Amino acid sequence: MLTPDQIAQIADELAEADRTHSVIPRITARYPEATVEDAYAIQAIWRDRMVAAGRRLVGRKIGLTSKAMQQATGITEPDYGVMFDDTVYPSGSEIEAARFSNVRIEVELAFVLKTPLAGPDCTLEDALAAIDYAVPALEILNSHIELEGRTIVDTISDNAAYGAMVLGDVHRRPDEIDLRWVPGVLSRNGEIEETGVAMGVLGHPATGVAWLANKFAQHGARLEAGEIILAGSFTRPMWVSAGDDVRADFGPMGVITCRFV
């Protein structure tokens, strides 16, 4: 495990990389003894600094929940990070590509909770009962650690590579639609690049919400009413850059568009 000074130093490096839109060497290459617990401690320091600076936490992202994403990264267990109010865009937005490092797009469903959700024995049925509605989303990845050879420790430390999200306009309660079969067709500049279906996320996209509630229970915490939970991609990430037009068709849950400038 890392020392408190090492954890604080890495948090400083990541904060500076976020400020300058740059990339740092892999944490696990420099500190092979670093653990998952260390990684979440690094993330927590960064999160608390952001809150102290006036940013408002609006939810959590879950990552690496599908085979597509695990194969794309070489990492085989989910992770999670935090999302702030200034990272949420509506469909149709123009987004500055230079705000992010290693910028990529993923196709996901997001869930807004109507009641708190706590583990340690939270099930999919519990999660569905706590969800107010599902909404289609695009996640913008923002990786401040060199990509080659990353481990779960690296991604968690870097706030699970979360940069921003673009939310659609269609809201559906879990009892209105079979969320497992929501499709995603992701296009860049008119060309289809990735396709998937929401069942690819742990068999049901809301399974990750239950997983997260159980993870939080290990730290004596719970998910709160009103939080947005970004449930994980069911396509591989698609690289984007300034000038790209992005379109994601979610079938019965509508279309999301955005443009990078």
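This report describes the aromatic pairs, one buried helix and the nonpolar cores of a predicted model.

## Aromatic pairs

The structure contains 4 aromatic pairs. In one of them, the ring centres of Trp46 and Phe84 are 5.8 Å apart and the ring planes meet at 65°, so the pair counts as edge-to-face, the cut-off for which is over 60 degrees. This pair joins distant parts of the chain, since Trp46 belongs to helix 3 (residues 36–52) and Phe84 to strand 2, with their positions 38 residues apart. Trp46 has a relative accessible area of 13% and is therefore buried, the limit being under 20%, and Phe84, with a relative accessible area of 1%, is buried as well.

Tyr80 and Trp211 form another edge-to-face pair, with 6.4 Å from centre to centre and 70° between the planes. Because Tyr80 lies in strand 2 and Trp211 in helix 7, this pair ties together parts of the chain that are 131 residues apart in sequence. The two partners can also be described by their accessibility: Tyr80 is buried at 8% relative accessibility, whereas Trp211 is partly exposed at 22%.

## A ring cluster and a charge over a ring

Ring pairs connect Tyr40, Tyr80, Trp211 and Phe216 into a cluster. Another aromatic ring, that of Trp239, has the charged end of Arg104 sitting over it, at 5.2 Å from the ring centre.

## Helix 7 and its cover

Helix 7 spans residues 207–217, and its buried residues are Gly208, Val209, Ala210, Leu212, Ala213, Asn214 and Phe216. Phe216 is also a member of the ring cluster, as is Trp211, which lies in helix 7 but is partly exposed.

The buried residues of helix 7 are covered by several elements, including strand 1 (57–63), strand 2 (79–84), strand 5 (104–113), helix 5 (124–130) and strand 10 (228–230). Strand 2 thus appears both in this cover and as the element that holds Tyr80, the ring partner of Trp211.

## Nonpolar cores

The largest nonpolar core has 67 residues, and within it Leu138 and Phe260 touch the most other members. Leaving aside residues up to four places away in sequence, Leu138 is in contact with Ile105, Glu106, Val107, Ala164, Met165, Val166, Leu186, Val246, Ala248, Ile256 and Cys258.

Apart from this largest core lies another core of 11 residues, which includes Met83, Ala137, Tyr162 and Met165. Met165 is thus listed in that other core and is also among the residues that Leu138 touches.

Notes:
Residues numbered from 1 in each chain as written. Predicted model: local features only at pLDDT ≥ 70, side-chain atom pairs only at ≥ 80, totals over all residues. Heavy atoms only, no water. Buried < 20%, exposed > 50% of the residue type's maximum accessible area, 1.4 Å probe, protein only. Helix = DSSP H or I, 4+ residues; strand = E, 2+ residues; numbered from the N terminus. Contact = heavy atoms within 4.5 Å. Phe/Tyr/Trp six-rings, centres within 6.5 Å; stacked < 30°, edge-to-face > 60°. Lys NZ or Arg CZ within 6 Å of the ring centre and 35° of its normal. Core = buried A, V, L, I, M, F, W, Y, C linked by side-chain atoms within 4.5 Å.
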